[in-house]
Every structure is written in structure tokens, then in C-alpha cells.
Amino acid sequence: MKYEHCIRCTICVENCPVFRVNPEFPGPKQAGPDAQRFRNGREKSAEEWVLLCSQCKRCEMACPCGVEPAQIILRAQQRYGLEHPHTAAHLLFANNYYLSTLGSITAPLANRFAATKIGKKIFRRMGIATYIPFPKFSFKTLRGEKKARSREARKVAFFYGCFINFYRPDIGRKIIRMLQSFKIDVVLPPQWCCGLPALGNGNTALARSFARKNVASLSNYIDAGYDVVYTCTSCGLCLLHDYQGILEIPEAKKIAENSFDLYEYVLKLITEREIKPNFREVNRVLAYHIPCHLRALKIGYPAADVIKLIPGLQCRILDDACCGLNGSYGFKKINEATAVQLGRRAVSLIQKTGAEAIVADCGSCRMQLSGLSGMDAFDPVEIICESLGIKGKK
Amino acid sequence: MSVIEYDVIVIGAGVAGLTAGSWLSGQGLKVALVTTGEPTACLSTGCIDVCAQNEDPLQGIAHLPAEHPFHLVSNATIHQALNDFQQIMTDMGMSYTGGLGKNRRILSAIGTFKTTCLTPSTMQTSPQNENEKIHIITFTGLKDFYPGYIISRFPNASFSIYNAGVPTTMGIAANFEDDTFLEAFILWLEKQNIREDKIAFPAVLGLESAMSVKERIEHRLERPIFEIPTIPPSMPGRRLFNGLKDHFRRKGGVIYWGWPVAGVEKTGRQIEAVIAESRGRPNSLNARAFILATGSFVGGGLWAKRDTIMEKVFNLPVFVPGGQEVWFDQDYFSVNHGIGETGIAVDSSFRPKGCPWDNIFVCGAILAHTEALKNGCGHGFAIATAQAAAQCCLEHIR
């Protein structure tokens with residue numbers, strides 16, 4: 001929130017994916033530090049266009065002066081959300097956690113309905129985009145997974161996040177099996193949505209209540225000697241940055257100090273010679289799409305470093321393009337054109353590499369990129385498990 | 001994060017940092033580059049100024065004051081570094097024109113000429129005098145580019161305006177990446193019945209595919225076209241940065257974005273690691289040697305307070321030319337501001353003078369006595385000193 005440090009160099013504008021394709025959005029410089037000079041507590045926020053920011057944080061990564069335009073805009077978005085009625089789409093996506101809980105209980109029905117013409121029509125009426133299929137709810141969530149407790153010295157509390165829990169529990173199970181193969185004890189602590197969807201849809205209060213519950217739960221595990229491991233890069237960013245930042249959660253610092261990105265954790269164990277994975281040859285040519293929020297975590301690209309250890313694998317790293325979906329952002333009809341254009345660009349960059357499939361840490365990036373390209377998109381763990389010979393059960 | 005050991009860590013993602021990083025990666029070293037944000041190269045014209053003091057840049061260098069750091073680089077290394085650069089940019093699909101034999105001139109957005117050495121090929125046919133017959137295309141609502149400035153100096157120039165649907169440099173450049181847009185634009189251009197010999201554009205002809213956009217327009221209009229660099233956001237500057245960055249990656253280099261160095265770990269005469277600010281555990285990266293290429297004041301390498309000037313990463317001793325009274329000339333637009341000499345003074349192996357550590361090497365605009373504005377030593381100076389410093393760094397490591 002150091003808007004006075006802005007020297008108006010426009011590097012953030014050059015990096016803003018939304019600005020590139022949507023002339024309605026004035027760009028991070030104007031929406032962030034420039035407009036901040038005119039924002040005060042007395043007048044009602046009148047800037048609906050702040051909602052066009054997708055919070056990809058590319059402006060923050062590019063700023064040479066440490067201004068954090070996305071943070072400034074995020075606060076303006078919360079302010080706007082507080083003072084204005086929310087649209088149906090915003091309300092639904094903010095409560096994605098509850099919605100998904102309902103969706104997975106009624107999975108066969110909900111999935112079928114979402115794929116019908118009538119279903120899509122209703123979604124569009126509600127301002128929800130349907131250009132790529134919705135992710136399919138999984139009836140058997142990861143949360144319900146039976147615990148296979150062992151007595152290993154190294155213990156991990158796995159923050160799996162909503163995407164894995166409700167849509168791709170198979171990936172979650174692979175992660176657990178991979179960690180177990182490294183002689184690590186994995187538990188699934190009680191957890192809720194990280195809060196990012198609520199924050200992204202202008203509902204600070206809901207985000208804060210999720211955050212408080214998560215912090216209380218994870219904190220107990222940390223005290224008992226567990227390392228917290230997350231795999232969704234957006235959950236990670238929220239846990240590490242937003243809990244301490246905009247949500248002002250006490251004890252958030254402790255969570256940040258003890259949480260690891262899954263591959264950061266694996267890489268750490270490999271370099272400390274705690275584990276020696278026996279990687280076998282995988283003959284694939286892959287394009288690794290770096291999720292915007294992985295960049296924003298500032299931990300480098302640990303999954304790429306792990307994948308590099310696999311013999312036979314060719315992997316090109318692409319971190320210049322945002323996939324455009326940004327979680328629930330692209331699912332709002334108002335952002336559909338932006339999301340599709342950005343997605344097509346990301347896909348064309350991937351196709352130029354000649355890769356046969358895509359790898360990305362983030363579930364929503366994978367959804368967008370494989371939806372628009374028709375290519376397979378894998379979580380890094382799927383490639384690692386292929387190399388280690390770990391087979392997941394559905 | 002202290003788990004990864006690199007051979008070299010380069011601090012700064014500008015032309016100097018990326019050149020040094022790529023060169024060292026090319027020698028088989030494990031290199032990481034850390035940076036606060038994107039470099040001032042993105043704001044530049046993308047042209048490679050070596051030394052603008054003389055028609056012949058090497059002659060110009062020979063006449064620079066004795067303390068100028070360009071004298072630390074041999075002519076052979078300057079040749080090699082610039083050849084390598086041209087090769088890199090050609091490989092990345094953004095070729096450069098020109099050579100060390102002679103400086104060139106390019107037309108600026110206010111109708112004056114800028115002296116430089118290598119130019120992006122999209123500026124290859126930039127006019128060399130005011131009498132050339134040029135037709136300028138501009139775009140509806142595009143701020144900061146007014147053909148009137150050029151026409152007032154060029155008696156044989158005229159202009160037309162195209163509506164690209166968006167008024168910003170970035171937006172128009174993104175449109176040019178789209179085939180349908182380009183085709184509609186070319187059709188419009190053909191209808192303008194342009195009689196002049198050359199067609200000028202503000203530098204908005206695409207981002208990734210500027211070269212092919214240029215060739216396609218030239219092919220259809222059957223005459224040369226060229227770009228005129230704009231004020232930021234500058235597409236040629238961004239193309240230069242993207243080219244060097246992608247090349248560094250292809251050589252195996254790793255980049256940490258948003259990674260301002262907040263502290264260092266040291267033992268004896270060695271820097272062991274650099275540390276970044278973090279919300280959680282401290283982020284630190286170990287290496288055997290460090291290259292400092294953080295740029296001057298705008299780049300963020302130097303920090304001026306009222307009475308002192310500091311180097312921000314290692315707090316190295318900074319050469320400052322006297323007291324504040326000599327920092328600035330009375331004339332704002334003068335190129336003789338004393339502060340232009342400020343920077344890190346280095347020995348013949350690009351190690352900072354008076355520095356307690358042996359494994360730091362310095363290159364680019366942060367070097368003392370550069371006077372970039374006065375001498376016209378820009379990216380060319382960065383490229384040459386980066387390669388020379390990287391060579392010294394390699395010798396140190398081996």
C-alpha cells in the first residue's frame with residue numbers, strides 16, 4: 001500500500017493481462033496508485049471498474065518500486081463490495097465452498113444439470129459464463145478419505161483446498177500416496193475454504209471467518225510438530241499473504257512460517273538428502289504453464305525444479321501469459337470475453353512450443369487451458385507419480 | 001529456500017543482468033537471477049547505444065575520460081558481446097540492424113534524430129535527413145504521439161489516422177497480433193493512396209510478431225516502413241527485454257520475480273547468500289559469486305538521500321562527485337549533471353574498489369563515471385561490461 005512510491009513508469013500496465021484486451025479497465029496504474037489519491041472515507045465508492053481487475057498480481061511482480069497496485073485495487077474492491085449490492089454471480093462464487101459442498105452431495109444430479117442446455121441457459125441468466133464446461137463435482141470428496149496413520153517422524157498436515165476436495169480428489173490421493181512413499185505421515189486437518197473466492201468477490205467478512213477457522217485448526221497441528229503443506233497456489237497465496245495482510249488475522253504469521261508449497265517441500269527434502277526418490281524415465285514433451293499466483297508466492301518454480309530431475313522429460317517453462325480464468329473471475333459473464341481472449345493467447349504460446357500436454361499447479365489454469373485447447377493438462381504430481389510408478393485409485 | 005545452491009546469482013533483470021546471466025549459463029554454470037521488478041529497459045527505445053560521442057562508436061570510446069569504465073573492456077570483448085547480442089536477438093525473432101563500424105540515426109517522436117549504434121530491424125529504414133518523403137500513420141486517441149511534431153520539421157511529410165478501436169500503445173500492439181485486425185488495417189492503408197517513399201508508425205506494430213507484421217505491410221504496400229519509438233509504455237523496449245529474458249531461460253537460467261534483496265549472509269571475505277523479504281520463513285539463495293547489475297537511480301540500484309548516496313543491496317562504497325552543489329547543473333536539460341558520474345568504482349576485474357568481499361562483480365549502469373546521458377553509453381555499455389564482468393566472475397569461480 002505504498003502508492004506514493006509510484007513513479008508512473010507504466011511497467012505494471014504493460015504487464016496487466018486485462019488491460020491488454022479490455023479497454024473498459026483503466027489498468028493497474030490508474031485503478032491503483034493514481035485513483036488512490038482520490039479515494040477517501042467520506043464518499044461512497046463509485047468505481048465499478050475496480051471489479052474488472054482479476055487479482056492476478058502480475059503488476060505487483062513487475063513493479064520496480066514495490067507499489068503493490070493489486071493490493072490497492074483489492075482494498076478498493078472490498079470497499080465497493082461493502083457499499084453496493086452484490087450480483088447473483090458474485091454471491092454464488094463468494095460462497096463457492098458451501099455451493100460445492102451441496103454440489104458434491106448431489107454430484108450425479110448436479111453434474112448432469114450443469115451440462116444440459118437448460119442448465120447453461122439458467123447460468124447465463126445469472127451472469128455466469130459457460131464457454132468452458134464446469135468442473136465436475138466428485139461425490140467422494142477428499143475430506144472423507146480414511147486415514148492411513150503410520151508412525152513416521154516427519155508429519156504433514158495437508159491443506160488440500162476446495163478444487164482438489166470437491167472436483168479432483170484423485171489428485172489429492174496421489175499427493176498423499178507420493179508423500180507416504182517418502183515416509184511422511186499425512187493427515188487431513190479440519191479445514192474450510194481458504195477465503196480467496198470470498199475476497200475476490202468482495203465479501204471480506206466471509207473471507208475473514210473462513211480464515212479464522214483455518215488458522216485455529218492449522219495452528220494446533222503446527223504446535224504438534226506438523227508442517228503445513230498446500231498444493232493450490234492461490235490457497236497458498238491467501239494463507240501466506242492475505243491472512244496477514246488485508247484480513248489481519250492474529251497468528252497468521254505462524255501459519256506463514258510453517259507452510260510449504262508441496263513441491264517446495266519435496267525439493268527441500270531432496271536437497272537436504274532426507275529422501276532419494278527413484279525417478280524413472282518419462283518420455284513426454286510438456287509445456288509448464290506457471291500460474292500467476294505461483295509467481296506471486298516468490299518461491300521460484302519448485303515443481304519445475306522437481307520435474308527437471310525426471311530423466312527423459314522435456315519441459316518448457318512459460319510464465320508470460322495469464323490463462324485468463326483467475327478462479328471465478330472468468331466464470332462471470334461480464335469477464336467472459338477477457339478470459340477467452342487471454343486464454344487463447346496462453347494456448348497459442350503453449351502450442352508454439354510443440355508440447356503434447358500441459359502441466360500447471362493450479363486447477364483453474366488447467367481447466368481453462370485444456371478447455372480451450374483440447375490438450376491434456378496435468379498437475380505436476382501426476383507426472384511425478386508416473387515417474388515414481390505410483391498409481392492412483394479413483 | 002536456502003536449499004538450492006547456485007554457482008552465480010545475478011541481481012537485476014536489466015540488459016546487463018540478463019546478458020551476464022545468459023553468458024554464464026552458456027558456460028555451464030547454474031545461474032539464478034533475482035529482481036525487484038521489471039527493468040528500465042522496458043521503458044527504453046530498444047536501441048543499443050554504445051557511445052554516441054563520435055560517428056565511430058569505438059573512436060568515441062577511445063576518447064572517453066581515462067576513468068570511464070568502458071576502458072576496462074577490450075575492443076575484442078566489445079565486438080564479441082555485441083555480436084552475441086545480435087545473434088541472440090535474431091534467434092529470438094527480433095533482429096537488430098547496424099554494427100560497431102558506424103553509428104546510425106533514428107527519427108524520434110518529436111521529429112529530432114537520436115544517435116545510436118544498433119537498432120531493432122523495425123527501425124532499419126528510419127530517415128537519415130529531414131527532406132525524406134515520409135507518410136506517418138497514427139491512431140485515434142493515441143496519447144503521446146503527435147505527427148505534427150515531425151511534420152513541423154519535415155517539409156515532405158504527411159499523415160493519416162486509423163481507428164484501432166483502442167487508444168493505448170499496449171492495446172493497439174495487442175491488436176496487431178491478430179490476423180484479422182492486421183488484414184483490415186492493410187486494406188485501409190492501401191486505400192490511402194500514399195505517395196511518399198516510406199511509411200512511419202509509432203512503435204505499436206505488435207509485441208511478439210513485430211518483424212512479421214512489418215514484413216507483411218511492406219510486402220503489400222511495396223515500400224519500406226519503419227517504427228518511431230514512443231514514450232513508455234514502449235513496445236521496442238519490451239521486445240528487447242522479452243528477447244533477452246527468454247534467451248536467459250533457454251540457457252537454463254532461473255528468474256525470481258518480485259524478489260528485492262533485503263539482506264546478505266557473509267563469512268570472512270565471501271558473500272554466502274542473499275535474502276529477500278518474506279511473509280513467512282526467510283527466503284534466501286546461496287551462491288559462490290554474485291553479479292550486481294541493479295542499475296542507477298531509476299533502475300533502483302542507487303538511492304539518493306539529501307546528502308548521501310547509497311548502494312542498496314550490499315551497501316558498497318559509492319563514488320560521489322563532491323558535495324550536493326556539484327550534483328546538478330543549473331540547466332535542467334543539460335547532459336552535464338555531476339550526479340551522472342555517481343556509482344560503484346571497480347578495479348580491472350569489475351570488483352568494487354574498497355569492498356570487503358571478493359565474490360561480487362559489478363556491471364551496467366551502476367558503474368561510476370559512466371555519464372550515460374552525456375556519452376550516449378546505454379544498453380551497449382551494459383552489454384559490453386556485463387560480458388566482461390561475467391568473464392571475470394567465471395575466472396574467479398574456476
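This briefing walks through a predicted model with chains A and B, from overall build to individual strands and residues. Chain B gets most of the attention here, with its ten helices and 17 strands. Its contact with chain A draws on 28 residues from chain B and 30 residues from chain A. Inside the model, the largest nonpolar core has 244 residues.

**Overall build of chain B**

- The radius of gyration of chain B is 22 Å, and the globule rule gives 21 Å for 398 residues, so chain B is as compact as a globular protein of that length.
- Along the principal axes, the C-alpha atoms of chain B fill a box of roughly 70 × 45 × 40 Å.
- Burial is substantial enough to put a figure on: 52% of the 398 residues of chain B count as buried.
- Looking at contacts in chain B with a separation of 6 or more, 68% of them join residues 24 or more positions apart.

**Domains**

- In chain B, the domain assignment gives domain 1 as 5–95 + 238–397 and domain 2 as 126–223.
- The C-alpha centres of these two domains of chain B lie 35 Å apart.
- In chain A, the assignment gives domain 1 as 3–83 and domain 2 as 279–388, with C-alpha centres 26 Å apart.
- Where the two domains of chain A touch, eleven residues come from domain 1 and eleven residues from domain 2.
- On the domain 1 side of that contact in chain A, α2 (17–21) and α4 (58–62) each supply at least two residues.
- That side of domain 1 of chain A has five nonpolar, three polar and three charged residues.

**Where chain B touches chain A**

- As noted above, the contact takes 28 residues from chain B and 30 residues from chain A.
- On the chain B side, the elements that give two or more residues are α5 (169–176), α8 (235–250) and β11 (254–256).
- Helix α5(B) gives the most to this side, with three residues.
- By class, the side of chain B that touches chain A divides into 16 nonpolar, seven polar and five charged residues.

**Helix α5(B), a closer look**

- Helix α5(B) is mostly covered, with eight of its eight residues buried.
- The buried residues are Thr169(B), Met170(B), Gly171(B), Ile172(B), Ala173(B), Ala174(B), Asn175(B) and Phe176(B).
- From chain A, α1 (11–15) and α2 pack against the buried residues of α5(B).
- From chain B, β7 (134–139), α6, α7 (210–221) and α8 pack against those buried residues too.

**The nonpolar core**

- Within the largest nonpolar core, Ile291(B) and Ala389(B) have the most contacts.
- Helix α10 of chain B (residues 379–397) provides the largest share of this core, ten residues.
- Setting aside its neighbours within four places in sequence, Ala389(B) is in contact with Ala20(B), Ile291(B), Phe350(B), Phe361(B), Val362(B) and Cys363(B).

**Strands β7, β9 and β10 of chain B**

- Strand β9(B) is largely enclosed by the rest of the structure, because five of its five residues are buried.
- Lys198(B), Ala200(B) and Pro202(B) point one way from β9(B), Ile199(B) and Phe201(B) point the other way, and all are buried.
- β7(B) and β9(B) pair in the parallel sense over three bridges; one bridge joins Ile136(B) to Ala200(B) in β9(B).
- β9 (residues 198–202) of chain B also pairs in the parallel sense with β10(B), over four bridges.
- Between β9(B) and β10(B), Ile199(B) has Ile225(B) as a bridge partner, and Pro202(B) has Ile228(B).
- Strand β10 of chain B (residues 225–228) is covered on both faces: Ile225(B) and Glu227(B) on one side are buried, as are Phe226(B) and Ile228(B) on the other.

**An exposed residue, Asp179(B)**

- Asp179(B) lies in helix α6 of chain B, which spans residues 179–191.
- Is Asp179(B) buried or exposed? Asp179(B) counts as exposed because it has 11 C-beta neighbours inside 10 Å, and the cut-off for exposed is 12 or fewer.
- Asp179(B) and Val34(B) are 145 residues apart in sequence, and their C-alpha atoms are 36 Å apart in space.

Note on methods. Residues numbered from 1 in each chain as written. Chains lettered and ligands numbered in written order. Predicted model: local features only at pLDDT ≥ 70, side-chain atom pairs only at ≥ 80, totals over all residues. Contact = placed C-beta atoms within 7 Å. Nonpolar A, V, L, I, M, F, W, Y, C, P; charged D, E, K, R; others polar. Rg over C-alpha atoms; globule rule 2.2 N^0.38 Å. Buried ≥ 20, exposed ≤ 12 C-beta atoms within 10 Å, placed from the backbone. Domains from an automatic or database assignment. Core = buried A, V, L, I, M, F, W, Y, C linked by C-beta atoms within 7 Å. Pairing = 2+ DSSP bridges.
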